Amino acid sequence: MELPTYIKEVRQQLLADEISWREALECLQEATKKKKPWQYKEWRQERAILIKDSCLQCGISAESVPMVLQHLWQPRKLAIIFDQLTTAKIAANADLRNQYIDSLKKNSKKLNNIVIGDRECCPKCESTSIKFLKGSQAWKCSGTKSCKTITGYNRKVTCGNLFKEPAVRKELTPEQKREISKIKQDIWSKACVKFDEKSIRESHGKQAILESIQDSERYYSLKDTTTFCKKCAYLMDIKKLLLCPNCNDFLPISHVLICSPIMFIH
Ligand SMILES: [Zn+2]
Ligand SMILES: [Zn+2]
Ligand SMILES: [Zn+2]
């Protein structure tokens, strides 16, 4: 059958930019909820003409089991269409964004002028998490490192070293670390605005809906159908199996597509 009138109307309005792709999507979803393809009179009439009196896969006769008009092709989900249209562009956008981030970091005066100073640390593990204990007149290290246990789990172990004189190492202060992460965060936000991913998807909305309608048109046309018995239809739809004519066994659809592609040619 032809596309239902409401879908044709939506397509026309969308092509003429009278409605946005989101409005088109809403119309389509609303209408499909109310009426399924097989509830149309034309669909039922065409089905009656197309359906054969035996299963075209296993050969069983309609006298023994009910037959169904089986679709060998399914319309793509909208999310899949969006992915197909935008994945490469989104990846290229991400590359450009990362290059931009790198150049901003490289040219950031603030980032490049941070001086790493000397800090007192534990002579054993070099952690700067050390504290002077007045009572015992010694320094204590509370630095931790993660160790693998015999069973393979990561466990945090505290150093606990007691010492009289701290060693010295070059390290950023906590304030400097916070400042750096704030600068990096700002650079990231700026880059995400400049190389916006959402706008890529948004700009492909119209095309995605049009392709989705095209898929529906093919589905409604019933041209990719064949006659299956209930069992063969169930095995295909639920178990994703087809009877491979070469191997004479029910095997995954992906196998049959390669072993006997003729099944899908009409
Ligand atoms: Zn069958
Ligand atoms: Zn230590
Ligand atoms: Zn096979």
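A residue counts as buried if 20 or more other C-beta atoms lie within 10 Å of its own, and as exposed if 12 or fewer do. With that in hand, let us explore this predicted model through four exercises.

**Exercise 1. Find which residues of helix α9 are buried, and work out why they line one face of the helix.**

Step 1. Helix α9 covers residues 230-237, and its buried residues are Cys232, Ala233 and Met236.

Step 2. Looking down the axis of α9, these buried residues fall within an arc of 100°, so they line one face of the helix.

Step 3. A general rule helps here: an α-helix has 3.6 residues a turn, so residues three or four places apart point the same way.

Step 4. Now look for the partners. The buried residues of α9 pack against β1 (67-71), β9 (225-229) and β10 (241-244).

**Exercise 2. Describe how the axes of helix α1 and helix α2 cross, and name the residues that meet.**

Step 1. Two packed helices are described by the angle between their axes and the distance between the axes.

Step 2. For α1 (residues 5-15) and α2 (residues 21-34), the axes come within 10 Å and cross at roughly 180°.

Step 3. Angles over 145 degrees count as roughly antiparallel, and α1 and α2 are therefore roughly antiparallel to each other.

Step 4. On the α1 side, Tyr6, Ile7, Val10 and Leu14 take part; they meet Trp21, Ala24, Cys27, Leu28 and Ala31 in α2.

**Exercise 3. Locate Asp17 and Lys240, and decide whether each is buried or exposed.**

Step 1. Asp17 sits in the loop between α1 and α2. Its phi is near 55°, a positive value in a residue other than glycine.

Step 2. Count the neighbours of Asp17: 9 other C-beta atoms lie within 10 Å, so Asp17 is exposed.

Step 3. Lys240 belongs to the loop between α9 and β10. Phi of Lys240 is near 60°, again positive in a residue other than glycine.

Step 4. Lys240 has 11 other C-beta atoms within 10 Å, so Lys240 is exposed.

**Exercise 4. Step back and describe the chain as a whole, including its radius of gyration and its domains.**

Step 1. Begin with the elements: the chain has 10 helices and 11 strands.

Step 2. The radius of gyration is 33 Å, whereas a compact globule of 266 residues would have one near 18 Å. The C-alpha trace spans about 100 × 55 × 35 Å along its principal axes.

Step 3. Two domains make up the division: domain 1 (5-93 + 200-264) and domain 2 (115-195). Their C-alpha centres lie 58 Å apart.

Step 4. Finally, buried residues make up 11% of the 266 residues.

Conventions:
Residues are numbered from 1 along each chain as its sequence is written. Chains are lettered from A and ligands numbered from 1 in the order in which they are written. This is a predicted model: local features need pLDDT of at least 70, side-chain atom pairs count only at pLDDT 80 or more; totals for chains, interfaces and linings use all residues. Helices (H or I, at least four residues) and strands (E, at least two) are DSSP runs, numbered from the N terminus. The radius of gyration is taken over C-alpha atoms; the globule rule is 2.2 Å times the number of residues to the power 0.38. Domain bounds come from an automatic or database domain assignment. The arc is that of the directions from the helix axis to the C-beta atoms. Two residues are in contact if their C-beta atoms, placed from the backbone, lie within 7 Å. Axes are lines fitted to C-alpha atoms, for helices over the stretch in contact, and angles run from 0 to 180 degrees between N-to-C directions. Angles under 35 degrees count as roughly parallel, over 145 as roughly antiparallel, 65 to 115 as roughly perpendicular and the rest as oblique.
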